[in-house]
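Colleague: Could you walk me through reading a few features of a model? I'm new to this, so keep it simple.

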Amino acid sequence: MSEIEGSSPLNRLSWLRSSHSFLNAIAASPKARWLVLNNGQQLVSVPASRSSEKPAIAQLTTSQIAKFLGPEPYFGQGKDEGQLLAADEAIPFTESVRHRGVRIVFLGLLDTLNALNALPTSDFTDPERAVAKLDGIPYFALDIGELGVDSETFLEVDKDNQILSWGEARPLLMGLQLDKVSLSLFTAARSMVDWNQRNKFCPSCGSSTYSQWGGWKISCSTLLPWADNTGRKPCPTARGLHNFTHPRTDPVVIMVALDGEKILLGRGKKFPGKFYSALAGFIEPAETFEDAVVRLIPSQPFPANLMVGFYARADSSQPIRLDLDNELMDARWYTRAEVLEVLNHVLGTNIVASDHKKFAEAVDGKTGKEVVEAVPPVVDEPPFRVPPTSAIAGVLIREWAYGKIQFPAAQSVQKGHL
C-alpha cells in the first residue's frame, strides 16, 4: 500500500531566486530539466523503445526547448531584447526580472545536500562556479499555451527517444503511481504555472505584470525603470513588499464520516458514474478545520491547495439531505464489507483518464441532470469505485476498511442532517 509522505525532496534555493546570474547559469547547465505544460495539460513521455509502459512526467533539456524560451538572457532582462540589465537598472523591481517571453518557474534543485556538503553562501559570488559544484538536477517549468505553439508540433521535440503526449492533470494524479520526486515536481509545476497564468494584470492599476525571482514573484509593469508613466499616479504596489500577490496554498478538508461499521461516501455531479469518495471542500475565510468538517462541503479543488484528511463520527440513522447542496449527486452509507469488496476488486480503485469516457453515467453540462448513455457494461464491474491510494481520500477509506483506524468509545453523537 502506498502512503502519503511529507517533506519534498527538492531544495528550492529560495534565497537565490533574486540572483539572475545564478538562474541564468543553472538554466544553461546540461543537467537542467524542464517540465512543460500546455494550458494546464502536463507533458508526459514513454521511452520509444518501450512504448507499452505507463507514461511518466516528461523531463526535457534546455537545448530541446530553447527556441520556445525566447532570446537569452532568460533572467535579468534589460530594456532591449537580448541585453542584460544595465548597472543603473539593477533595483529591487528588476531582481531576476523576466518581462518578455513565456513565464518560467524555477522549481528547485534535486540534490543530496546536508550540513556537511552544502555550499557556503560565499561560493555563490561566482554563480557559474557555484552551479558547476552543485551536485544535483535543477528543474524548471513553463506553459507553452500562451505562445500559440501548435501542441502537436511540440510533441516532435524528442521523437527519436521519447514518445510525448499531453495528459490532463487530475487523471494523471490518479492514474500514475508517481514516486515522491515526480509528485513533488508535478504539483509544484502545476501550482506555480497556474498562479503565474492567473495574474497577468495588476489588480491595483490594471497594468500588465511581469515575472521576478524565477517565477515566484509578480510585479506591476509600471515599476520597471524604463516604464513611461506620464500622467499616471504611482501604482499602490510600489510600496510595501512590492508584490501584490503571493503563491497561494488554500487548505482543503477531505473528510470521511464513520458510524461504527459504516462509512459515508458521496458522488459529486462532476464525478464519473459509480465513483464514490470522501466529502471535501475549501476552508472558507474565518472557518476552522473543525467547522468545515461539520459542514460537509462536497468538492475537491485543484491545484493550489493543501489537502488535510479527517475522520469524523456521524449518525447513520439521520436523513441524508441532498437538497441542501448543489454539487452532490448522491451520498450513502456503506458497510465495511461493501467497501472491502470494492477494494479487493481488480477495478475497484482503477480510475484512469479513459474511464471518464467509458462510465455509463454522466451529467449534462447544460442542465446539470444525470444522463445515461448506451455503453456496454464492463464484465465483472465492481458495484462502485473509490479513489486509489495516490489520493488522500483513497488512503482514508482504505485505512478504515482494513481496521487500522480505531476511535475511542463515543460519548455522544450530535444529531443533525448530513
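Colleague: Is Cys 202 buried or exposed?

Modeller: Buried means under 20% relative accessible area, exposed means over 50%, and partly exposed is in between (1.4 Å probe, protein chains only). Cys 202 comes out at 3%, so it's buried. Cys 205, at 29%, is partly exposed. By the way, this is a predicted model, where local features need pLDDT of at least 70, side-chain atom pairs count only at pLDDT 80 or more, and totals for chains, interfaces and linings use all residues. Residues are numbered from 1 along each chain as its sequence is written, and side-chain values use heavy atoms, leaving out hydrogens and water.

Colleague: Why is Cys 202 not bonded to Cys 235?

Modeller: A disulfide is a pair of cysteine sulfur atoms within 2.5 Å. The closest cysteine sulfur to that of Cys 202 belongs to Cys 235, and 3.6 Å is too far for a bond. Cys 205 isn't in a disulfide either: its nearest cysteine sulfur, in Cys 220, lies 3.5 Å away. Searching the whole structure turns up 0 disulfides.

Colleague: And helices? How many residues of α10 are buried?

Modeller: Helices (H or I, at least four residues) and strands (E, at least two) are DSSP runs, numbered from the N terminus. Helix α10 covers residues 392-401, and 10 of its 10 residues are buried. Among them are Ile 392, Arg 398, Glu 399 and Trp 400.

Colleague: What comes just after α10?

Modeller: Gly 403, just past that helix, has a positive phi of about 70 degrees.
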